[in-house]
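Welcome, and please open your viewer. We will move from stop to stop, selecting a few residues each time and looking at what is there.

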Amino acid sequence: MRIDGPMLNQACAVMPVLRALPDWFGIEEALLNYECTIDDLPTFVAHGTDGVGGFLSVTRHFARSAEIYVMGVIHERRREGIGRRLLEAAEAWLRDEGVTMLHVKTLGPSRPSAAYRQTRAFYEAMGFVPIEEFSTLWNEENPALLLVKQL
């Protein structure tokens, strides 16, 4: 897999990844929101001989902080280090841009989900620290866990 980025205008290339991951991205309204937003965000894309294997989009809220807006790796390519490589590429670029703090929000542990348990384990293995779970940031059925990493 080759990691390219950051690039803009990548929604068409990466939306098939999200649509192939219904355990993580099964809410149509959220998918449409991602589709409308990704084109305007710096996006890193993992390309292989068989197409796009994964991607990561970031957004900046302040000069020294950024957020992983959305990330996905197709199921067939999981456990190959693609997520790690995408995150490392994004972190290197963000450091060069003067970013010192990176955060991500994901489904919190108070809502049982095997898929999101894996997601939280990935982020923690990559050095993110869980900070707080917000019961109503998204909605009561989907508590948001905030994780932070110093770059």
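Start by selecting helix 1 (residues 11-19) and helix 2, which passes helix 1 in a right-handed crossing. A crossing is called right-handed if the near helix is turned clockwise from the far one by less than a right angle, and left-handed if it is turned anticlockwise. Helices here are DSSP runs of H or I with at least four residues, strands are runs of E with at least two, and both are numbered from the N terminus. Before going on, note that this is a predicted model, in which local features need pLDDT of at least 70 and side-chain atom pairs count only at pLDDT 80 or more, while totals for chains, interfaces and linings use all residues. Residues are numbered from 1 along each chain as its sequence is written, and side-chain values use heavy atoms, with hydrogens and water left out.

**The helix pair**

Two packed helices are described by the angle between their axes and the distance between the axes. Here the axes of helix 1 and helix 2 come within 9 Å and cross at roughly 160°. Each axis is a line fitted to C-alpha atoms over the stretch in contact, and the angle, from 0 to 180 degrees, is taken between N-to-C directions. Helix 1 is therefore roughly antiparallel to helix 2; that label is for angles over 145 degrees, while under 35 is roughly parallel, 65 to 115 roughly perpendicular and the rest oblique.

Which residues in helix 1 meet helix 2? Select Ala11, Val14, Met15, Leu18 and Arg19 in helix 1, then Glu28, Leu31, Leu32, Tyr34, Glu35 and Ile38 in helix 2. Contact means heavy atoms within 4.5 Å. The residues of this contact divide into eight nonpolar, no polar and three charged. In this grouping Ala, Val, Leu, Ile, Met, Phe, Trp, Tyr, Cys and Pro are nonpolar, Asp, Glu, Lys and Arg are charged, and the others, Gly among them, are polar.

**Val17**

Stay in helix 1 and select Val17. Is Val17 buried or exposed? Val17 is buried, at 2% relative accessibility. Buried means under 20% relative accessible area, exposed means over 50%, and partly exposed lies in between (1.4 Å probe, protein chains only). Leaving aside neighbours within four places in sequence, Val17 touches Val52, Gly54, Phe55, Gly72, Val73 and Ile74. Try the distance tool on Val17 and Gly72: their C-alpha atoms are 6.5 Å apart in space, although the two residues are 55 residues apart in sequence.

**The aromatic rings**

Go back to helix 2 (residues 28-38) and select Tyr34, together with Tyr69 in strand 4 (residues 65-73). Their ring centres are 5.5 Å apart and their planes are at 80°, so the pair is edge-to-face. Rings of Phe, Tyr and Trp (its six-membered ring) pair if their centres lie within 6.5 Å; planes under 30 degrees apart are stacked, over 60 edge-to-face and the rest tilted. This pair links distant parts of the chain, with Tyr34 and Tyr69 35 residues apart. Tyr34 is buried, at 17% relative accessibility. Now add Phe25 to the selection: Phe25, Tyr34 and Tyr69 form one aromatic cluster.

**Around strand 1**

Select strand 1 (residues 2-7), where you will find Pro6. What kind of peptide bond joins Gly5 and Pro6? The bond is cis, with omega about 5°.

Follow the chain into the loop between strand 1 and helix 1 to reach Asn9. Asn9 has a positive phi of about 60° although it is not a glycine. Asn9 is exposed, with a relative accessible area of 58%. Gln10 is found in the loop between strand 1 and helix 1 too, but Gln10 is buried, at 13% relative accessibility. Gln10 touches Ile38, Asp39, Thr43 and Val45, not counting residues up to four places away in sequence.

**Further along the chain**

Next, select Arg79 in the loop between strand 4 and helix 3 (82-96). Arg79 has a positive phi of about 70° and is not a glycine. Arg79 is exposed, at 85% relative accessibility.

Finish in helix 3 with Ala92, which is partly exposed, with a relative accessible area of 32%. For a last distance, select Ala92 and Ile27: their C-alpha atoms are separated by 31 Å, and the two are 65 residues apart along the chain.
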